[in-house]
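Please open the model in your viewer and keep the selection panel at hand. The stops below go from one selection to the next, with a short account of what to look for at each.

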Amino acid sequence: CVNDLDRLPTYDVTSASVYANAANYKPVLAKLYAGLAVTGQAGPAGRPDISNIDEGLSSYVRQYWMMQELTTDEAVISWNDGTVQDLHNLSWTSGSEYVTAMYNRIYYVVGQTNEFIREATDDRLSSRGFTPEELTNIRAYRAEARFLRAMAYMHALDLYGGNVPFVTETDAPGAFLPTQTNAQALFSYIESELKAIDADLLAPRTNEYGRADKAAAWTLLARLYLNAQVYTGTARNTDAVTYASQVIGANAYTLEPTYSNLFKADNNRSREIILPVAFDGLNTKTYGGTTFLVHGAIGGSMNAANYGVNSGWAGMRTTKALVNQFPDPTGATDRRAIFYSNGQNLEITTILNQFTDGYAVPKFTNITSTGTKGSDPAGDFVDTDFPLLRLADVYLMYAEAVVRGGTGGDLATALTYVNALRQRAYGNTSGNLTTLNLDTILSERARELYWEGYRRTDLIRFGRFTDASYLWPFKGGISAGRGVESYRRIFPIPASDLIANPNLKQSPGY
Amino acid sequence: QGITVSGTVRETDGSALPGVTVQIQGTTRGAQTAVDGGYQLTNVPTSATLVFSFIGKTSQSVAVGNRSTVDVTLADDTKSLQEVVVVGYGSQRRQDVTGAIASISSNDFQKGNIVNPEQLLAGKLAGVSITPPSGQPGGGSQIRIRGGSSLNASNDPLYVIDGVPLDNNGVSGAANALSFINPQDIETFTVLKDASAAAIYGARAANGVILITTKKGRQGDQFHLNVNALGSLSVNSKLVPVLSADQFRDLVTNNTTLAATPEQKALLGTANTNWQKEIYRPAVSGQIDMSGTGSFKNVPYRVSLGYLNQNGVLKTSNFDRYSGAIGLSPKFFNNDLSVDINLKGTIIKNRFANQGAIGAAISFDPTQPVYQEGSPYGGFFEWVTRNADGTSVINTQATRNPVGLLMQTNDHNTVRRSFGNAVFNYRLPFLRDLRANLNLGYDLSSTTGQSVVPAAAAASFNQGGSITQYSQTRNNKTLEFYLNYVRDLKKISSRLDVTAGYSYQDFIRDEPSYASLRAEPRPVNGVLTDTVSAAGTPFRTQYTLLAFFGRVNYTFKDRYVLTATVREDATSRFAPNVRWGTFPSLAFAWNIKEESFLKNSKAFTLLKFRAGYGITGQQDLPTGLSDYPYLPRYTLSDLTAQYPLGGSYYRTLRAEGYDANIKWEQTEAINAGLDFGFFDGRLTGSLDLYQKNTSNLLATIPVPAGSNLTNQILTNVGNLTNKGVEFQITGTPYRREGVNLDLGFNITYNQNRITNLSKVPTPNDPGILVGTISGGTGNTVQIQTVGYPTNTFYLLRQVYNAQGQPVEGLYEDRNADGRITIDDRYRSYTANPKVLLGFTTQLTLRKLTASFVLRGNFGNYLYNNARSNNGAYRNFTNALGFLGNGVTNVLTTNFVNNQYFSDYYLENAGFLRLDNLNVAYDFGKIIANRYPLRASLTGQNLFVLTKYTGLDPEIAGGIDNNFYPRPRIVSLGVNLSF
């Protein structure tokens with residue numbers, strides 16, 4: 001009877017048996033990607049990936065979006081969940097559940113990808129008797145897992161400043177205390193990883209939709225180098241030009257002819273999106289992701305049905321700082337101005353519990369490019385994918401890197417790229433620029449990429465995030481805006497991890 | 001040819017004594033006395049002698065002679081030397097008991113509308129905290145013995161019924177492990193409180209053990225039928241004070257703080273609806289129980305049938321229970337082999353009311369009507385969003401009509417359970433001191449449940465209604481065997497009682513997964529379909545427990561008793577290298593009364609000192625976790641959490657976080673106690689001091705980021721201490737012929753502290769946030785911190801103005817950083833009561849008996865979430881196109897925004913409750929002058945004295961939100977014997 005003590009699960013599989021079967025690698029890879037989209041194994045909620053936070057809030061895209069957008073001039077939120085208002089007020093603490101949840105999401109990806117990479121080493125694979133074709137596929141999966149891990153670490157570098165725990169596939173899961181790395185070391189690691197996987201990644205736009213290819217890694221490298229001055233104190237603009245050029249030169253990705261189609265329910269058909277986080281109203285359900293971005297942006301006199309959903313959550317609006325970047329807010333001139341102003345006040349006097357202060361931003365919708373509603377008949381969950389990496393950003397990165405003095409490119413080409421975006425926006429050449437400087441690039445980035453999760457990083461790179469040189473409504477918690485301490489360029493290490501891991505030291509200022 | 005003899009058996013105080021065995025000496029024929037103490041025997045030879053016996057009383061033998069009436073009075077067996085106490089794996093003479101054991105038998109149970117067995121105990125025993133269920137029919141109580149010894153894992157005691165330890169993982173759809181037992185079938189409860197008593201149950205005993213024995217037939221009984229019927233009326237006693245419709249209209253129209261927009265004002269209605277009155281009702285419940293006992297040939301039996309129909313005060317809630325039990329206790333081979341067979345079967349049918357209606361009734365706009373002409377939502381008024389083109393759609397963000405929530409939800413289930421066991425107890429003919437005991441038990445249950453919301457219901461109107469289903473089957477098996485050797489060693493004035501045994505238990509749970517359906521099909525991609533999401537992954541889990549145990553009980557000169565136990569336990573839940581655990585105990589008792597200097601004392605009838613030490617364990621995992629926490633597992637995602645790669649959707653495989661070395665939670669406990677009795681046993685009591693240190697707590701804690709596969713895992717971390725004092729005293733201050741007054745009082749003081757919470761020492765560890773409230777998303781108000789009790793409240797200290805009003809948003813800047821932030825929260829008070837108190841009394845005046853139970857908790861606090869979540873002006877208007885009501889408290893605070901973290905909402909929830917008031921009258925033999933009738937009138941929850949401002953101060957967990965109020969209940973019962 002003592003043998004009866006060796007009970008094994010019936011429906012779950014153990015790690016030993018999972019990796020014995022080549023067919024299981026792809027569902028594991030799918031989880032690595034799904035970790036950015038859904039919040040758990042039940043969908044929309046239940047069996048969450050990370051705990052200690054409301055599951056809907058724990059979505060990677062939702063968290064990332066809040067950290068990158070609510071902290072800036074691009075977005076305010078009317079809700080009062082926990083310390084969410086601290087984000088726009090730039091007054092968060094190490095106890096903030098948002099600071100903690102984003103961090104936990106990042107390390108969730110790191111942990112899951114490490115596990116897969118550990119089980120997919122050449123050594124282990126060779127002992128499992130797979131066919132050459134299976135091995136080729138699994139090596140590509142492994143390279144994509146390393147890509148996702150590099151991207152997660154890049155978010156750690158960008159959001160938390162790089163003085164963060166560092167673990168790789170050589171650290172088996174357990175109860176050990178990871179060591180703290182630093183920005184320079186983490187930067188080098190991300191750089192080397194993204195380069196190392198180049199051979200195993202598929203050529204641009206030859207991989208399945210939803211999976212990373214070489215262009216995705218290059219785009220991420222370009223972004224890493226463009227921000228190198230912030231991350232390490234050393235500019236790497238020439239490298240940024242190199243990798244941006246590589247993406248553009250591959251001629252695999254092309255601009256979506258209609259800007260607004262990039263954010264619609266069938267944006268999976270776009271050739272501009274280099275890497276999406278995919279959602280589906282029936283099969284990939286979450287209360288985070290684009291479901292949050294579509295519902296949360298609807299309120300006031302907006303008719304939710306016009307956006308393909310059943311309701312507005314009356315949450316996010318924007319400040320006049322963004323609206324004023326456009327020649328006019330109606331979108332008649334620059335079609336990228338997707339604002340809803342009927343009954344909305346441009347000036348914000350009240351953020352909390354009031355939707356009508358600040359223009360609404362129905363940029364993301366659950367309507368397809370042909371005008372039909374998304375697949376969920378109830379209108380709860382959204383089909384729209386979140387464009388994590390797209391070509392327009394690569395164009396702008398190229399231009400910026402050149403303007404910042406990177407070699408290997410030229411201003412004339414840079415101008416062509418920027419004007420390509422402006423021509424799409426204006427429908428003709430009337431909006432074309434003739435010169436480029438840092439200010440025009442930052443403005444152009446706001447107009448092109450607003451609400452897509454770039455703004456905080458951009459403002460920091462341009463030195464306008466914390467100090468008083470650039471103010472927006474309620475920056476620092478007062479309506480006129482004020483400068484805040486420069487240490488807020490990064491978020492603190494969450495208090496919960498400082499406790500769990502005595503190897504960690506808090507970032508300066510916190 | 002004999003005569004018919006009848007009579008009445010009374011106690012020395014003159015009150016009737018039911019349940020006394022009356023046997024014709026030398027035969028197997030006999031009878032039991034009925035509730036009025038009466039008995040009747042036919043065909044009694046005049047030469048016969050009748051033997052009257054009852055536990056705790058001195059037996060009497062009376063020669064019949066020519067009398068047709070034989071009345072006797074049975075005196076208390078003051079020495080009680082023969083009294084036997086049920087302990088783990090066997091029984092012991094009361095005098096040999098060394099542990100802290102409390103027991104209570106059917107005579108002392110709470111009375112009235114009792115649904116679940118544990119309600120019989122409430123307020124009766126020191127150290128046993130029973131938080132009665134909410135008003136939900138069939139609800140279960142929360143039971144804590146000497147405080148909770150665990151943080152995340154179960155704090156429920158182990159229940160052992162007729163020798164079979166039950167699975168603590170409850171049956172799906174049932175309140176708790178005991179809810180399948182008809183309280184009427186229970187004879188005694190024995191609570192093993194300290195480690196020395198409980199350690200024989202080793203790894204499952206850390207939270208104490210409750211042994212339950214059910215009623216049995218007795219050898220030689222004549223057939224005896226007992227019928228109990230009870231009818232009850234429950235009424236809701238209190239409502240949350242909210243604004244009336246007129247107050248509400250005035251506020252929205254005129255209040256300048258609220259400053260409602262014209263659009264918001266236009267939403268106001270003209271009705272006057274008290275939503276809370278609309279959702280509650282007076283509820284009538286009834287139960288009828290029949291039991292027959294007797295002896296067929298040589299086989300004593302008891303058969304019982306019960307039916308209970310309980311309606312809740314919240315409309316639509318109902319609980320039906322059909323229960324049956326059969327007990328057979330034959331003896332064979334000159335009584336050397338005794339067999340005890342217990343079979344129980346229960347069918348429960350639940351209809352669960354949608355309890356979301358409770359919160360909705362507080363916050364729903366009182367100016368709106370319940371019903372609205374032409375409403376597509378089943379005729380109910382519901383909030384809609386009107387579009388510019390005049391069409392309207394349901395407003396999915398709005399509060400739903402509370403009455404609609406109730407009437408348009410049919411959430412019901414049926415649970416069938418059968419459990420039972422056969423115990424073979426064999427006294428070896430060649431070694432009379434040795435007996436072998438084999439216990440074979442089973443516990444099977446199946447639950448099927450369904451919740452239907454019609455397509456017209458607003459709650460899922462867009463989806464086309466919903467049908468959700470679930471089911472569960474459980475299959476638990478028990479095999480236990482032990483040998484028991486008892487020997488009196490007269491030469492050395494010693495007595496030895498040795499037990500050694502083996503236990504095997506296996507638990508299987510199966511929960512299939514069902515598709516989530518629409519009540520009415522809707523087009524999906526152009527095809528009408530009724531599936532919202534297909535079935536996910538089914539759940540099946542199994543664990544096995546195995547143990548060897550032993551006990552030695554040694555008594556010297558009837559004065560000094562030593563008990564040592566040990567149990568070697570193994571569980572399949574932990575890895576092979578850590579799954580075995582050893583759980584020893586040692587205890588000592590000194591019967592001081594038996595010493596020469598007290599032996600002849602008239603004042604003392606009992607004086608005994610007890611001391612014990614032991615280690616118990618815990619292997620029950622927090623609910624919802626699988627039984628394989630040490631294994632690296634991959635789980636498959638449901639069909640609604642797939643991920644598309646290249647246009648194909650993949651069900652994903654997720655690596656779960658795990659701790660390969662997870663092991664037992666361990667509780668080390670010491671206990672010292674004194675039992676005493678004075679004045680011929682008229683005053684008895686006991687005093688116990690205890691301390692329990694739990695280490696290797698099974699807790700779900702944040703792990704260092706990057707070190708595992710998720711951010712929190714279940715692991716062994718931290719220590720927790722409970723220490724306390726228990727005092728219990730019962731007395732009979734007045735005793736005359738026919739008049740008797742019994743008083744009982746118990747008080748418990750328990751102090752609970754977390755002494756460590758992390759794997760590595762971290763002096764400034766703020767702790768783990770717990771206690772999620774309603775309001776906002778993921779807001780918590782409690783914290784686990786080293787040096788504080790579990791679930792300590794963690795809030796901001798409210799600052800008040802000169803008028804004593806709370807100032808919105810102004811809190812004490814505890815960390816003096818010049819800003820008021822969430823970091824200024826402080827720790828204070830806890831939901832756990834410091835002091836528990838129970839007071840019982842019973843007065844007998846000839847045929848009238850009156851009793852009450854008064855119960856109180858002190859030092860416990862509650863967070864009034866009903867107020868904090870509905871007590872701000874922002875609750876009345878919003879950006880989402882509907883209005884909401886709030887509590888009248890907002891007029892006092894004038895809060896504009898909800899101040900969830902204000903300690904203004906933390907309230908002292910100490911209370912004194914009149915749990916039970918019972919008056920019974922004995923009508924004697926009324927029908928054909930043969931069948932005795934007894935009637936009783938019971939009031940339950942008649943009043944609560946408390947400072948707490950919410951509905952009820954007694955809410956487990958400390959957060960008062962959406963609480964199904966406990967009704968006031970009046971019951972009328974009759975008992976008839978045949």
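Begin with chain B of this predicted model, and colour domain 1 and domain 2 separately, since the C-alpha centres of these two domains of chain B lie 33 Å apart. To make the two selections, take residues 3-77 for domain 1 and residues 84-214 for domain 2, as the domain assignment of chain B gives them.

Staying in chain B, select strands S54, S53 and S57, which in that order form an open sheet of three strands with mixed pairing. The edge strands of this sheet are S54 (906-908) and S57 (959-960) of chain B, each of which pairs on one side only. Now narrow the view to S53 (residues 861-864) and S57 of chain B, which run parallel and are joined by two bridges. Within this pair, B:Asn864 can be picked out opposite B:Asp960 in S57(B).

Next, show both chains and select the contact between them, to which chain B gives 81 residues and chain A gives 93 residues. On the side of chain B that touches chain A, several strands each supply at least two residues, among them S28 (494-511), S29 (516-524), S31 (539-556) and S42 (712-716) of chain B. Of these, S31(B) deserves its own colour, as the largest share of that side of chain B, five residues, comes from S31(B). If you colour the side of chain B that touches chain A by residue class, you should find 31 nonpolar, 36 polar and 14 charged residues.

Which strand of chain A pairs with S35(B)? Select S1 (residues 13-14) of chain A, which pairs with S35(B) in the antiparallel sense over two bridges. Here A:Thr14 stands opposite B:Arg633 in S35(B).

For the last stop, hide chain B and select helices H11 (residues 237-249) and H14 (residues 391-403) of chain A, which pack at an angle of about 150°, with their axes 9 Å apart. Because angles over 145 degrees count as roughly antiparallel, H11(A) is roughly antiparallel to H14(A). The crossing of H11(A) and H14(A) is left-handed. Show side chains where the helices meet: residues of H11(A) including A:Ala240, A:Val241, A:Ala244 and A:Ile248 meet residues of H14(A) including A:Val394, A:Met397, A:Tyr398 and A:Ala401. Taken by class, this contact of H11(A) with H14(A) has 10 nonpolar residues and two polar ones, with no charged residues.

Definitions and conventions:
Residues are numbered from 1 along each chain as its sequence is written. Chains are lettered from A and ligands numbered from 1 in the order in which they are written. This is a predicted model: local features need pLDDT of at least 70, side-chain atom pairs count only at pLDDT 80 or more; totals for chains, interfaces and linings use all residues. Axes are lines fitted to C-alpha atoms, for helices over the stretch in contact, and angles run from 0 to 180 degrees between N-to-C directions. Helices (H or I, at least four residues) and strands (E, at least two) are DSSP runs, numbered from the N terminus. Angles under 35 degrees count as roughly parallel, over 145 as roughly antiparallel, 65 to 115 as roughly perpendicular and the rest as oblique. A crossing is left-handed if the near helix is turned anticlockwise from the far one by less than a right angle, and right-handed if clockwise. Two residues are in contact if their C-beta atoms, placed from the backbone, lie within 7 Å. Ala, Val, Leu, Ile, Met, Phe, Trp, Tyr, Cys and Pro count as nonpolar, Asp, Glu, Lys and Arg as charged, and the others, Gly among them, as polar. Two strands pair if DSSP finds at least two bridges between them. Domain bounds come from an automatic or database domain assignment.
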